[in-house]
Amino acid sequence: LKLRGSTRAIGAGSAMAGGWYLVGVACILMQCTLSNVGLTLQKSSLNNEEGRFPRRRAYRQPQWLLGMAVYLVSHPLTVVALTLAPQSIIAPLGCTEVIVNTITSPLVLKERFSRRDFIGTLLVAGGCVGVVLFGSHKEGADPDFSISLLLDPSLNPGFFVLCWVCLVLLVVGEYVLFVTRWGPLKFCGREASVLSARGWSLPVVAGIYISYNALFIKTFMTGV
């Protein structure tokens, strides 16, 4: 088993050296683009229904169904990307969907593109370029690294600390989003704005789910 794992790791490293990671990068960029296009089509369909009476349910709207189909079809590309390139490159590139959104939202949904949006988009784009240029392009650099090593608390305590921190953040974020509803949220004896708390909780919860989703997919594809 160890020999098979080593051979797989060496073969994967050769694939990275041969430039296959660029194919993985292209797959994740395509996935982000298609995913955003699908969501934009769905949002546009729902906006168009606001002037209709009676309003059709989402599953009765052809444009909404098309957007859902595009969104679902895009996600297998993530599995392909994680198979061909390291997660340290693929996972951060998932935020390129934000860049695509800055193009599709003003053009299709007629949403306002502010100066803050522009600055944020530049920061995201710069981070994506930096990840591709300076991130590790080698897969399986350590052939002895395995899932059992990752799950051993004595050998990898940092991973378990990270898991517990993410679990606490996830529980707090879910509580703010789904339990507090629109009531006041007290913090240190004072009432904090629930809207502000929701604004911080939603990206935290979404980021944790997305990052661990990529980790599980990568782990599964490595073990297959």
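**Group meeting: a salt-bridge network and the helices around it**

The side chains of Glu 49 and Arg 52 meet in a salt bridge, with 3.4 Å from N to O, and I would like to begin there, bearing in mind throughout that what we have in front of us is a predicted model. Glu 49 also forms a salt bridge with Arg 56, and in that pair the closest N and O atoms are 2.6 Å apart. Because these salt bridges share partners, Glu 49, Arg 52 and Arg 56 are joined into one network. A search of the whole structure finds 2 salt bridges.

Now, how do the three residues of this network stand with respect to the surface, buried or exposed? Glu 49 has a relative accessibility of 2% and therefore counts as buried, the cut-off being under 20%. Arg 52, at 41% relative accessibility, counts as partly exposed, and Arg 56 is likewise partly exposed, with a relative accessible area of 33%.

Let me step back to the chain as a whole before going on. The protein chain has 10 helices and 2 strands, and if you follow the elements from the N terminus on, they run α-α-α-α-α-α-α-α-α-β-β-α. Of the 224 residues in the chain, buried residues make up 29%. If you take the contacts with a separation of 6 or more, then 70% of them are accounted for by residues that lie 24 or more positions apart.

I turn next to the packing of helices α2 and α3. Helix α2 covers residues 20-48 and helix α3 covers residues 62-74, and the two pack at an angle of about 165°, with their axes 8 Å apart. Since an angle over 145 degrees counts as roughly antiparallel, that makes α2 roughly antiparallel to α3. The crossing of α2 and α3 is left-handed. On the α2 side the residues that make the contact include Gln 31, Leu 34, Gly 38, Leu 41 and Asn 48, while on the α3 side they include Trp 64, Leu 66, Met 68, Val 70 and Tyr 71. When the residues of this contact are divided by class, there are 9 nonpolar, 10 polar and no charged.

Staying with α2 for a moment, Met 30 is found in this helix and counts as partly exposed, at 47% relative accessibility. Met 30 and His 75 are 45 residues apart in sequence, and their C-alpha atoms are 9.8 Å apart in space.

What, then, is the relation between α3 and the helix α4, residues 76-84? Their axes come within 4 Å and cross at roughly 20°, and because angles under 35 degrees count as roughly parallel, α3 and α4 are roughly parallel to each other. In this contact, Leu 72, Val 73 and Ser 74 of α3 meet Pro 76, Leu 77 and Thr 78 of α4, and by class there are 4 nonpolar, 2 polar and no charged residues.

Two details of the backbone deserve a careful look. As a general background, most residues other than glycine have a negative phi, and most peptide bonds are trans. Phe 53 and Pro 54, however, are joined by a cis peptide bond, with omega at about -5°, and Pro 54 has its place in the loop between α2 and α3. The second detail concerns Lys 110, where phi is near 60°, a positive value in a residue other than glycine. Lys 110 lies in the loop between α6, residues 96-109, and α7, residues 115-134, and with a relative accessible area of 66% this lysine is exposed.

Finally, I would like to point to Ser 201, which has its place in helix α10, residues 194-223. Which residues does Ser 201 contact, once its neighbours within four places in sequence are left aside? They are Gly 173, Val 176 and Leu 177. At 10% relative accessibility, Ser 201 counts as buried.

To close where I began, the network to look for in the model is the one that joins Glu 49, Arg 52 and Arg 56 through shared salt-bridge partners, with Glu 49 buried and with Arg 52 and Arg 56 partly exposed.

Note on methods: Residues are numbered from 1 along each chain as its sequence is written. This is a predicted model: local features need pLDDT of at least 70, side-chain atom pairs count only at pLDDT 80 or more; totals for chains, interfaces and linings use all residues. Side-chain values use heavy atoms; hydrogens and water are left out. Axes are lines fitted to C-alpha atoms, for helices over the stretch in contact, and angles run from 0 to 180 degrees between N-to-C directions. Angles under 35 degrees count as roughly parallel, over 145 as roughly antiparallel, 65 to 115 as roughly perpendicular and the rest as oblique. A crossing is left-handed if the near helix is turned anticlockwise from the far one by less than a right angle, and right-handed if clockwise. Contact means heavy atoms within 4.5 Å. Ala, Val, Leu, Ile, Met, Phe, Trp, Tyr, Cys and Pro count as nonpolar, Asp, Glu, Lys and Arg as charged, and the others, Gly among them, as polar. Buried means under 20% relative accessible area, exposed over 50%, partly exposed in between (1.4 Å probe, protein chains only). A salt bridge is a side-chain nitrogen of Lys or Arg within 4 Å of a carboxyl oxygen of Asp or Glu.
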